[in-house]
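Work through the exercises below with the model open beside you. Try each task before you read its solution.

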Amino acid sequence: MPWKALDCDSVPASLMKIHEYQGKQIFARYGVPVPKGEAAFNVSEVGPIAERLIAETGNPVVVVKAQVHAGGRGKGGGVKVAKGGAAEATSLAEKILGMQLVTPQTGPGGQKVRRLYIEQGLDIARELYLALLVDRDRRQIAVIASTAGGMDIEEVAHETPEKIIRIHIDPVLGLAGYQVRQLAFALGFGGKEQLKKFSALMTSLYAAFTGEDCSLLEINPLIETKSGDIVALDAKINFDDNASFRHPGWEELQDPDEEDPVELEARKAGLSYVSLEGDIGCLVNGAGLAMATMDIILHSGGRPANFLDVGGGATKEQVSKAFRMILSSNEVKGIFVNIFGGIMRCDVVAEGIIAATKELGLKVPLVVRLEGTNVELGRKLLDESGLAIQSASSMGDGAQKIVAATRAAKA
């Protein structure tokens, strides 16, 4: 996607996703134009919602949209237009609700559709792309826009990057008028009335992005209607959940069904965990060390199965829970523990490893590298545990040993 090229920090982002209909509710609060619509949680709600929308707008066309935390829903069959009123909308809802929607962002297993959004149909003149995101390399908010909006924006960014417009907003100065005009002209909004509408839209979006502590705000497509209105036909919002203390209402927006259950469990336990696609589980203290650990596993020919930072002051219980989370994946064929004990003592880590290994009956190779506070005591505990644990003298040594052990276990 276009914004990925701007994300130069390889730490897995701490973010919270919400559904399209929730994003549009936020847009509406900030004055961003959105179509009329209502969420539905069962098929029986769809007909009455469609009837209300048709009565309010005078337009017999409504759109039935699957609500999952993934893009590309239209290509997967999760967005359907009902031109035959409430009856057709209900029929389409019966097919979409409960389906396993597969998109490029869900993976091959797909995501079960548990919510729908029923929205008024609009006469679309053209589709555009617009997004605001945090450029962590520049430490500024980046605006990404394109006249080639719609479902294939990723291909546009890859094949015709000249169609992608980028500007950066200085956090001290905020969104400047000349930047709004630059974007407007690049997107083909040249008339006085269009400039006025686009300026109001950008001002509202910037206020929403900063006011809600977003890490990403994406509209794909942003449309211009045949009557000249500029409307957010989609809404994708990710929050930076490091700011959750400022937003007690965020908890109500969460959908546990859309969350990785292991990541959800980690969050509740105060651990930072992100699932990846490899087969070597990592248990590390400190985000920087966790990144370096993943890098050196890759450099040694392996693939990390997760990012897991137990933090600087993890307890024996948290270490044990971290082990259980790693092993909840059937893809994990080996575990590398890489701890540099400062505040966190190596003996506490060793106790957690021993407890978890005995409790879970560990059957995959385990390599442990300990350095720092109480390291000798930690190594002694591991050596005297009677468990099949390989000790590593350095991070590089540990990475080579776990990669070799994992390959041998799979052979």
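Angles under 35 degrees count as roughly parallel, over 145 as roughly antiparallel, 65 to 115 as roughly perpendicular, and the rest as oblique. Keep in mind that this is a predicted model.

**Exercise 1. A helix pair**

Task: Classify how helix 2 and helix 3 are oriented to each other, and list the residues that make the contact.

Solution:

Step 1. Recall what to look for. Two packed helices are described by the angle between their axes and the distance between the axes.

Step 2. Find both values. Helix 2 covers residues 46–57 and helix 3 covers residues 85–96. Their axes come within 8 Å and cross at roughly 140°.

Step 3. Classify. The crossing is roughly 140°. Helix 2 and helix 3 are therefore oblique to each other.

Step 4. Add the hand. The crossing of helix 2 past helix 3 is right-handed.

Step 5. List the contact. Helix 2 supplies Val 46, Gly 47, Ala 50, Glu 51 and Ile 54. Helix 3 supplies Gly 85, Ala 86, Ala 89, Thr 90 and Ala 93.

Step 6. Sort these residues. The contact of helix 2 with helix 3 has 6 nonpolar, 3 polar and 1 charged.

**Exercise 2. A buried pair**

Task: Which parts of the chain does the salt bridge of Asp 234 and Arg 73 tie together, and are the two residues buried or exposed?

Solution:

Step 1. Start with the idea. Side chains of opposite charge can pair when their charged atoms come close.

Step 2. Check the distance. A salt bridge needs nitrogen and oxygen within 4 Å. The side chains of Asp 234 and Arg 73 meet at 3.3 Å, N to O.

Step 3. Place the partners. Asp 234 sits in the loop between strand 12 (230–232) and strand 13 (236–240). Arg 73 sits in the loop between strand 3 (62–66) and strand 4 (79–82). The pair therefore ties together parts that are 161 residues apart in sequence.

Step 4. Check burial. Buried means under 20% relative accessible area. Asp 234 has 13%, so Asp 234 is buried. Arg 73 has 10%, so Arg 73 is buried too.

**Exercise 3. One arginine, two partners**

Task: Describe the salt bridges of Arg 379 with Glu 371 and with Glu 376.

Solution:

Step 1. Take Glu 371. Its side chain meets that of Arg 379 at 3.0 Å, N to O.

Step 2. Take Glu 376. Its salt bridge with Arg 379 spans 3.8 Å, N to O. Both residues lie in helix 12 (residues 375–383), 3 residues apart, about one turn of the helix.

Step 3. Compare exposure. Arg 379 is partly exposed at 25% relative accessibility. Glu 371 is partly exposed at 24%. Glu 376 is exposed at 56%.

Key:
Residues numbered from 1 in each chain as written. Predicted model: local features only at pLDDT ≥ 70, side-chain atom pairs only at ≥ 80, totals over all residues. Heavy atoms only, no water. Axes fitted to C-alpha atoms, helices over the stretch in contact; angles between N-to-C directions. Helix = DSSP H or I, 4+ residues; strand = E, 2+ residues; numbered from the N terminus. Left-handed = near helix turned anticlockwise from the far one by under 90°. Contact = heavy atoms within 4.5 Å. Nonpolar A, V, L, I, M, F, W, Y, C, P; charged D, E, K, R; others polar. Buried < 20%, exposed > 50% of the residue type's maximum accessible area, 1.4 Å probe, protein only.
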